[in-house]
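This report describes the fold of one protein chain, from a single residue outward to the chain as a whole. Please keep the sequence and the structure in view while reading.

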Amino acid sequence: MKLVAGLSGSADSGNVRRFVDLGIGEFFAGFVPKSWSDRWGFELSPNRRYREGNQVDRIEHLGELIDAAHAGACKFVVTFNEHYYSDVTWASAAALVQQVVERGADALVFASPAACKAVAKEHPGIDIHVSGDAGVANRAAVHFFHDLGARRIIFPRHLSLDRIEKLAGEATSLGMETEAFVMGEPCVFDGARCFSGHGYGTARDFCNAHSRIVVADLGSSNQRDLPRPKVAACGVSPRVMSLGRCGLCAIERLRAAKVGYLKVPGRATDISHAIELVLTVMAGRATGPALLQAPELCASGEFCYYPPKQDR
């Protein structure tokens, strides 16, 4: 298994090298240069993120990140996972695709079947990953995107472990790679059928307000903390991370299902602490509950990315 990390627009080659040293195997980022934002703004995004800080905005900057990833023997993926492009917006997005392919991106993420088909035809040497926002939730969808030329399925945020296990087996039988979220915010509904802004960009996070629980008092920040692990027990940094729910206990089931990539999103958050936690469990140096030292949360399942009651 490899760990996939998201990069924000403020990331630099030093961030990439630091993550490589921690053990990251692959990176992804959004790319919205001035040519796009001047015409369409950030409200109309090529990748379903609508804040300027979430995006790399210069091809030179993106190239530096790609080069740093390649220097660490890691792949670099660029996201184009908007649900729908009109003929006009696709012309703009296709120009961005051309830029990032020429600059050395290893793969592109798409949610639009039409975009998958177009890029597979125009750029046969680039790997195509199917976004979680494409809504691959059954065997037919796996086969559909396989036939369009997709190399990897990224499972939607709302799927249960039981469903992921079944679909991972199906994808593997077709020679496809699979990827699942392991930290972050699960979806309140279904990202493939949501056409609003991610989190609405408001002070109160619409997408995640349903799952807010009190773990630590952060005043007016309205976020939750992962509990601090015991440093002496596993060598994990005691830094606090505000990054949604925890999927540490799901790692072994995902490994057994031959899910090849675990995703820690982070285009707006410092994910260093999450990376350390996940890599510690992946390496077998500790279990999730031993790291978190939060028996009440672990027992309740309310902090779990894949809660036991979700399995079906």
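In which helix does Ser272 lie? Ser272 lies in helix H10. The model is a predicted one, and every value below was computed from it.

Is Ser272 buried or exposed? Its relative accessible area is 2%, and because the limit for a buried residue is under 20%, Ser272 counts as buried. Its C-alpha atom is separated by 8.6 Å from that of Leu22, although the two residues are 250 residues apart along the chain.

**The nonpolar core**

Helix H10 spans residues 272-282 and contributes to the largest nonpolar core of the chain, as set out here. This core has 90 residues, and the members with the most contacts inside it are Leu3, Phe27, Phe76, Leu248 and Val278. Helix H10 gives the largest share of the core, seven residues. In soluble globular proteins, nonpolar side chains tend to be buried together.

Leu3 illustrates how distant parts of the sequence meet. Leaving aside residues up to four places away in sequence, Leu3 touches Ile24, Gly25 and Glu26, and also Val182, Leu262 and Val264. Its further contacts are Ile275, Val278, Leu279 and Met282.

**Strand S1 and its partners**

Strand S1 covers residues 2-6, and four of its five residues are buried. S1 is joined by bridges to two strands, S11 and S2, as tabulated below.

| Partner of S1 | Residues of partner | Bridges to S1 | Direction | Residue opposite Ala5 |
|---|---|---|---|---|
| S11 | 261-264 | four | parallel | Val264 |
| S2 | 26-31 | three | parallel | Phe27 |

Ala5 thus has a bridge partner in S2, Phe27, and stands opposite Val264 in S11. Phe27 is also among the residues with the most contacts inside the largest nonpolar core, and Val264 is one of the residues that Leu3 touches.

How are S1 and S2 connected, and with which handedness? Together with helix H1 (residues 13-22), the two strands make a right-handed β-α-β unit.

**The chain as a whole**

The chain contains twelve helices and eleven strands. Of its 312 residues, 55% are buried. Among contacts with a separation of 6 or more, 70% are between residues 24 or more positions apart. The exposed area of the chain is about 13,600 Å², of which carbon and sulfur atoms supply 53%.

Terms used. Residues numbered from 1 in each chain as written. Predicted model: local features only at pLDDT ≥ 70, side-chain atom pairs only at ≥ 80, totals over all residues. Heavy atoms only, no water. Buried < 20%, exposed > 50% of the residue type's maximum accessible area, 1.4 Å probe, protein only. Contact = heavy atoms within 4.5 Å. Areas by Shrake-Rupley, 256 points an atom, 1.4 Å probe, with all protein chains shown as cover. Core = buried A, V, L, I, M, F, W, Y, C linked by side-chain atoms within 4.5 Å. Pairing = 2+ DSSP bridges. Right-handed = clockwise from strand over helix to strand, strands pointing away.
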